[in-house]
Amino acid sequence: MKRLLSTILLLLLATLLFSTLTVHYLDVGQGDSILIQTPYGETILIDAGDWNQGSVVSRYLRDRGIEVLDYLIATHPHADHIGGLIEVIRTFEVEKVYMPRVAHTTATYRELLLAIQAKGLGIHSAKNGVILPVKGLEAYFISPSHDGYSGLNNHSAVLCLEYDGITLLFMGDAEEEVEHEILNNYPGLSVDILKAGHHGSRTSSGESFISSISPKIAIIMCGEGNRYGHPHQPTLDTLAKNGVQILRTDLNGTIVVQTDGETFSVSAEKRTQTPTVQPEPVTEAMEYIGNINTKVFHVPTCSFLPAKHNRIFFSSREEAIKAGYRPCGRCNP
Amino acid sequence: MNQQAQEPLRGTVDRFEEDFAIIEIVQTDGSIESVEFLSVPREEVDSDVKEGSFVYRDDSGWHVESDSKESQDRKKEIKSLMDDLFLD
């Protein structure tokens, strides 16, 4: 009797543990990083933010006991998506890497390739029709479909994930050009949870796309107070008009979606849906470090401080700006 | 800081976002390389500068660099890495 009970308990526990798909949309500032934990315990990582987010993403993975990434996807070669992947690849065991076959010329892209090479890994081309052999769900790329796109954003690997009745779509930085193509290639596509393309920029989430795929929730990944104005108002308007609930990493922090294939729940680090009034930053006692070559200034804890011989010090932000220096895009001084 | 002439600076355009070009600068300090990104207003960047362009800065702004050995080497290295790593 006792044995039977414990068997039933174990089975129940196993069902509970293994029937949930969990998707984490990490707050990595201005950039993307998404961790997917499948019902069978496999892990997929899509992007890892910019260079300075590599340690943030690594810590997040470690905190969840993750040592192996079964699938690693670099959506496209821009630094705000691949920068952090370099540290992740160096730190974790990676089974399979997927990337669109498109070149970039930056040192960041070269570093990513070198990190993959150093691990003895190969790269699978991510393109329309390629299936990720994940257990227990359907995972496949629906873009890119060719190599003639106008920019790297549109070469983004776009991943579609179906778990029973729930469909999730991850757009990378794909823009309207790709959205039209997807509508042509997958006319019946209906989505529950959309990772909106290109940080909520006006370049993406066009009216025809949103009204056609009619997501219940759109997740926008962008940095608080980013200088590009992401997300743009027209995008927010389009989503609102179509009755899509919006969650944003700049306002909500890291967002976690859990689903059993029938229903889903969403939780966020911060509940606030509206921007709160930011307290005036305390700048008095702080010291800033400028780079005399690039004319950029940083906080002293920034991971990309200039070489010692290129440094100049400011006692306030205003002083740095008055001297013609621009705030660093990573540490946001 | 007085308004002195800007030192020459070289980089690679990672991307454009709105009114900015995001330019990757590689700095070498001894054997340590670090990467830094500048968000440069578009009006300071020549109109023929594209995503992926190798660029340099002088007093009048940012311009496309005529093919240098370093940029050729970078492109060649990336192409050969891709040919080597992509499985299909």
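In chain B of this predicted model, strand β1 (residues 9–17) runs antiparallel to strand β4 (residues 54–58) and is joined to it by 4 bridges, where strands are DSSP runs of E with at least two residues, numbered from the N terminus, and two strands pair if DSSP finds at least two bridges between them. Within this pairing, B:Leu9 stands opposite B:Arg57 of β4(B). Strand β4(B) also pairs in the antiparallel sense with strand β5 (residues 61–64) of chain B, over 4 bridges, and B:Val55 has B:Val64 in β5(B) as its bridge partner. With 2 residues between them, β4(B) and β5(B) form a hairpin.

The second largest pocket (on a 1 Å grid over the protein atoms alone, an open set of points with protein on both sides within 12 Å along at least five of seven lines) has a volume of about 440 Å³, a volume being the space filled by probe spheres set on the points. Its lining, made of residues with an atom within 4 Å of a point, comprises 20 residues, of which B:Arg10, B:Gly11, B:Val26, B:Glu70 and B:Arg74 are the closest to its centre. The largest share of this lining, 5 residues, is supplied by β2(B).

The structure also holds 1 cavity of 30 Å³ or more, a cavity being a set of points where a 1.4 Å probe fits but cannot get out. Residues lining the largest cavity include A:Asp32, A:Phe170 and A:Lys195.

Residues are numbered from 1 along each chain as its sequence is written, and chains are lettered from A and ligands numbered from 1 in the order in which they are written. Local features need pLDDT of at least 70, side-chain atom pairs count only at pLDDT 80 or more, and totals for chains, interfaces and linings use all residues, while side-chain values use heavy atoms, with hydrogens and water left out.
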